[in-house]
Amino acid sequence: SFLNNCKTFRKLMTNDCIMVPGAFNGMSARIAAENGFKSLYVSGAAVTASTGVPDIGLVTLDGFCKVIKEVSMASGLPVIADADTGFGEGEMCARTVWDYFQAGASGLHIEDQVFPKRCGHLDGKALVPKEDFAKKVQIAVDASKKCSDGEFVICARTDARSVEGLDAVIERSKAYIDAGADMIFPEGLNTAEEFRVVAQALKGYGPKGGPYLLANMTEFGKTPYIHVNDFKSWGYNIVIYPVSSLRVAMKAVDDLFKQLAADGTQEKSVPDMQTRKQLYSTLGYTPGVEWIYPNMTTKRN
Ligand code: PYR
């Protein structure tokens, strides 16, 4: 059930650091599950890009829920999903929590940027006042209590690093923890040392004995590549790889189309393709045999 997935998600993060890759549709979700990943991420950057629009708040709540449902149903795994700035204020932010939970997510992150937001690794971001965002976090936490007894994870992302500096990242994070956030996502940090310093400052802070900590290992951004074991040693619980799968998939599509256009037949690209056999295996499909979703069984088939 959705509630069990929330509990599983929390359990996975307890005293551990899990690698959570982005899945941008049901197929990529199933491939990740096949490869042993225990939880998946639905990225705003990937959802928007795969829809063909930039990451500036153009995809609606329903658009995100469609992808969350696909990823959740196809994989049966706990999903944490990007909710940008919460798709609005007040009841709209509460509705986002309820709709994400009903779509199958086990948690979400909302961020303290002004709407329309931009990618956390771009310059020129602007933030809402700390107190205003703390109120929004509180609304999300209350909504989680109503729909999931508080099991659905509310992650507060702060985009303060490039706008107000590292001290503000810590100060804002503490305010969001005070407001009830279960998890903190310090976005756009510049060095490994900054990740360590933020974790050190937030360790044990707040009524819940310290928040879960999320690190974003996106490519081509402001953050260097850091090994999951390093994050674990500093106290991070989850590392996301939001757009990695979409980037390699789309480069492969580009390579195919170039080759096909040039050669007039796709034959040269066939060795790079997922075969029919691999496709059916990933889908758990045997022609003539009843097919069911993985989370409709007690174990993955
Ligand atoms: C994204 O992938 O869109 C994030 O916010 C990390």
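Let's start in a loop: Phe87 is found between β3 (79-82) and α5. This is a predicted model, and in it the phi of Phe87 is near 60°, a positive value in a residue other than glycine. Asp149 is not a glycine either, and has a positive phi of about 55°. The loop that holds Asp149 runs between α6 and β5 (153-158). For context, most residues other than glycine have a negative phi, and most peptide bonds are trans. On the peptide-bond side, Phe115 and Pro116 are joined by a cis bond, with omega at about -5°. Pro116 sits in the loop between β4 (107-111) and α6.

**Helix packing**

Next come the helices on either side of these loops. Two packed helices are described by the angle between their axes and the distance between the axes. Helix α4 covers residues 61-75 and helix α5 covers residues 91-103; they pack at an angle of about 25°, with axes 8 Å apart. With an angle under 35 degrees counting as roughly parallel, α4 and α5 are therefore roughly parallel to each other. The crossing in which α4 passes α5 is right-handed.

Helix α5 also meets helix α6, residues 130-148: their axes come within 8 Å and cross at roughly 40°. That angle makes α5 oblique to α6. Here, too, the crossing is right-handed as α5 passes α6.

**The ligand and its surroundings**

Which residues surround the ligand? The shell consists of Tyr41, Ser43, Gly44, Ala45, Asp55, Asp82, His109, Arg157, Phe185, Asn216 and Pro242. By character, these shell residues divide into four nonpolar, four polar and three charged.

Ser43, Gly44 and Ala45 each place a polar atom by an oxygen atom of the ligand, as the table shows.

| Residue | Protein atom | Distance to a ligand oxygen atom |
|---|---|---|
| Ser43 | side-chain N or O | 2.7 Å |
| Gly44 | backbone N or O | 3.2 Å |
| Ala45 | polar backbone atom | 2.8 Å |

How much of the ligand does the protein bury? Taken alone, the ligand exposes 220 Å², and the protein buries 94% of that.

To tie this together for your own look at the model: the ligand has polar partners in the side chain of Ser43 and in the backbone of Gly44 and Ala45. Elsewhere, α5 packs against α4, and the axes of α5 and α6 cross as well. The backbone features to find are the positive phi values of Phe87 and Asp149, together with the cis bond between Phe115 and Pro116.

Definitions and conventions
Residues are numbered from 1 along each chain as its sequence is written. This is a predicted model: local features need pLDDT of at least 70, side-chain atom pairs count only at pLDDT 80 or more; totals for chains, interfaces and linings use all residues. Side-chain values use heavy atoms; hydrogens and water are left out. A residue is near a molecule or strand if one of its heavy atoms lies within 4 Å of it. A polar contact is a pair of N or O atoms within 3.5 Å; within protein, one must be able to donate a hydrogen and the other to accept it, and residues adjacent in sequence count only if both atoms are side-chain atoms. Accessible areas come from the Shrake-Rupley method with a 1.4 Å probe; for residues, only the protein chains shown count as cover. Ala, Val, Leu, Ile, Met, Phe, Trp, Tyr, Cys and Pro count as nonpolar, Asp, Glu, Lys and Arg as charged, and the others, Gly among them, as polar. Axes are lines fitted to C-alpha atoms, for helices over the stretch in contact, and angles run from 0 to 180 degrees between N-to-C directions. Helices (H or I, at least four residues) and strands (E, at least two) are DSSP runs, numbered from the N terminus. Angles under 35 degrees count as roughly parallel, over 145 as roughly antiparallel, 65 to 115 as roughly perpendicular and the rest as oblique. A crossing is left-handed if the near helix is turned anticlockwise from the far one by less than a right angle, and right-handed if clockwise.
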